[in-house]
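Trainee: I keep meeting labels for contacts and surfaces. Could we test some of them against their definitions?

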Amino acid sequence: MTSGFIRTLALAGTCLLAGGATAADIYSPMAPETQQVTTESGWTFSFSPYFWAAGLSGDIEQFGLPAVDVDASFSDVFDHLDFALMATAEARNGPYSIFGDAIYIKLSGEGGTPRGIIADDVKLSTETFTGTLGAGYAIYEDSAARLDIVGGLRVWSVESELSFSGGILPPGGVSRSDDATWVDGIAGFRGTYSFTPEVYLTGWGLVGAGGADLDWDVAAAIGYRFSDTISALAGYRALGVDYSNDGFVFDVVEQGPILGLVVRF
C-alpha cells in the first residue's frame with residue numbers, strides 16, 4: 001500500500017458522516033421511524049435509525065502531510081467500514097418541533113509499506129461523530145402539505161490515527177493522531193407534500209457556518225404509505241462542509257441514496 005493510498009484511505013474515513021441530517025416530520029420522515037408515542041399533553045415523540053450510502057469527494061489535509069484529493073464511491077468506503085450508527089429523534093407539538101441527529105462511523109485499513117525498511121506495516125483508523133440539535137416551526141400546513149422553518153447547531157468531531165510497525169521500528173511501533181472538533185450554526189427549511197394518501201414527497205435544505213466556512217445539507221425522497229404504521233421511501237442526499245484550521249483541512253461533499261422503512265407504533 002503506497003503512502004498516497006494510505007493517506008487517501010484515512011481521509012476518506014474522516015469524511016464519511018453521514019452528517020447530521022435534521023429529523024423529518026412525523027408523517028413522512030427521510031429516515032426510517034421505528035417508534036412513535038403521543039402523550040396526553042399533545043407531544044409526539046419518534047426515534048429513527050437510518051442508513052445513508054454516501055460517497056465522498058473533496059480535499060483533506062491531516063498529519064502535516066500535503067492536501068489529498070479524495071474521490072471515493074460508497075463501495076470504496078464500505079470496504080473499510082468497522083462500525084456505523086445513525087439515528088434521529090424528534091418531539092413535536094402542533095407547529096413546534098425539537099429534533100436531534102447523531103452519526104458515529106469508524107473505519108480502518110492496513111497494508112505494507114512500499115519498501116518495508118523503516119516499517120513493514122501501516123494502519124489507519126478514523127472515527128467521526130456528527131451531532132445536530134435544533135428546533136422548528138411550521139409556517140404553512142394544510143391537509144396535504146407542511147413547511148417548517150428550522151434552526152440549530154451541528155457539532156463535528158473527527159479523529160484519525162496513523163500507526164507504523166515492524167522494520168527498524170521499536171517493538172510496538174509508532175503512531176500519530178490528528179483530530180479536530182467544531183460547531184456550526186445551521187438554518188433552513190424542511191417539508192412534506194402528499195400527492196395521494198399513499199404517495200408523498202419529503203425533503204430539506206439547510207445552510208450554515210461557524211467553525212467551518214460553509215456547512216450545507218439538502219435531501220429529497222419519495223415515499224409510499226402501505227398503512228398508517230408502515231411506509232417505504234427512497235431518495236438522495238448531498239452534504240458539504242468546508243473546514244480548515246491550523247493545518248487540518250476538511251473540505252468535502254458527500255452524496256448518495258437514502259433507503260428507508262418507516263414503522264409507527
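Trainee: Why is the contact between Asp217 and Arg237 called a salt bridge?
Mentor: This is a predicted model, so take the distance from its atoms. The closest N and O atoms of Asp217 and Arg237 are 3.0 Å apart. The cut-off is 4 Å between a side-chain nitrogen of Lys or Arg and a carboxyl oxygen of Asp or Glu. The value lies within the limit, so the pair counts as a salt bridge. The two residues also link distant parts of the chain: Asp217 is in strand 11 (residues 214-225) and Arg237 in strand 12 (residues 230-245), 20 residues apart.

Trainee: How do you know whether Arg237 is buried or exposed?
Mentor: Its relative accessible area is 1%. Buried means under 20%. Arg237 is therefore buried. Asp217 has a value of 0%, so Asp217 is buried as well.

Trainee: What makes Arg154 a salt-bridge partner of Asp217?
Mentor: The N to O distance is 3.3 Å. Set that against the 4 Å limit. The pair passes, so it is a salt bridge. Arg154 is in strand 8 and Asp217 in strand 11, 63 residues apart. Arg154 counts as buried, at 0% relative accessibility.

Trainee: Which residues make up the network of salt bridges that share partners?
Mentor: Arg154, Asp215, Asp217 and Arg237. Asp217 shows the sharing: it pairs with Arg154 and with Arg237. The count for salt bridges comes to six.

Trainee: Why does the pair of Arg92 and Asp148 tie together separate parts of the sequence?
Mentor: Arg92 lies in strand 5 (residues 81-93) and Asp148 in strand 8, so the pair joins parts that are 56 residues apart in sequence. The side chains meet at 2.6 Å, N to O. Both residues are buried.

Trainee: What places Arg237 over the face of Trp52?
Mentor: Arg237 lies at 4.2 Å from the ring centre. The distance limit is 6 Å, and the charge must also be within 35 degrees of the ring normal. Arg237 is listed as lying over the face of Trp52.

Trainee: Now the rings. Why are Trp156 and Phe250 called an edge-to-face pair?
Mentor: Two values decide. The centres are 6.0 Å apart, with 70 degrees between the planes. Rings pair within 6.5 Å, and planes over 60 degrees apart count as edge-to-face. Both tests are met, so the name fits. Trp156 is in strand 8 (residues 145-165) and Phe250 in strand 13 (residues 248-263), 94 residues apart. Trp156 counts as buried, at 0% relative accessibility. Phe250 also has 0% and counts as buried.

Trainee: How do you know that Tyr243 and Phe248 are edge-to-face?
Mentor: Use the two tests again. The centre distance is 6.2 Å and the planes are 65 degrees apart. The limits are within 6.5 Å and over 60 degrees. The pair is therefore edge-to-face. Tyr243 counts as buried at 5%, and Phe248 at 3%. Ring pairs link these two with Trp156, Trp182 and Phe250 into a cluster. A search of the whole structure finds 11 aromatic pairs.

Trainee: On to the surface. Which residues form the nonpolar patch?
Mentor: Tyr96, Tyr137, Ile139, Tyr140, Leu147, Ile149 and Phe189, with about 680 Å² of accessible area together. The largest share, three residues, comes from strand 7.

Trainee: Why is Tyr140 called partly exposed?
Mentor: Tyr140 has a relative accessible area of 47%. Buried is under 20% and exposed is over 50%. The value falls in between, so Tyr140 is partly exposed.

Trainee: What makes strand 4 (residues 68-72) an alternating strand?
Mentor: Follow its side chains. Val68, Val70 and Ala72 point to one face and are buried. Asp69 and Asp71 point to the other and are not buried.

Trainee: How do you know that strand 3 and strand 4 pair?
Mentor: Count the bridges: there are five, in the antiparallel sense. The definition asks for at least two, so the strands pair. Ile60 stands opposite Val68 in strand 4. The two strands form a hairpin with six residues between them, and Phe63 in the turn has a positive phi of about 60 degrees.

Key:
Residues numbered from 1 in each chain as written. Predicted model: local features only at pLDDT ≥ 70, side-chain atom pairs only at ≥ 80, totals over all residues. Heavy atoms only, no water. Phe/Tyr/Trp six-rings, centres within 6.5 Å; stacked < 30°, edge-to-face > 60°. Helix = DSSP H or I, 4+ residues; strand = E, 2+ residues; numbered from the N terminus. Buried < 20%, exposed > 50% of the residue type's maximum accessible area, 1.4 Å probe, protein only. Patch = residues over 30% accessible without salt bridge, like charges linked within 9 Å, V, L, I, M, F, W, Y side chains within 5 Å. Areas by Shrake-Rupley, 256 points an atom, 1.4 Å probe, with all protein chains shown as cover.
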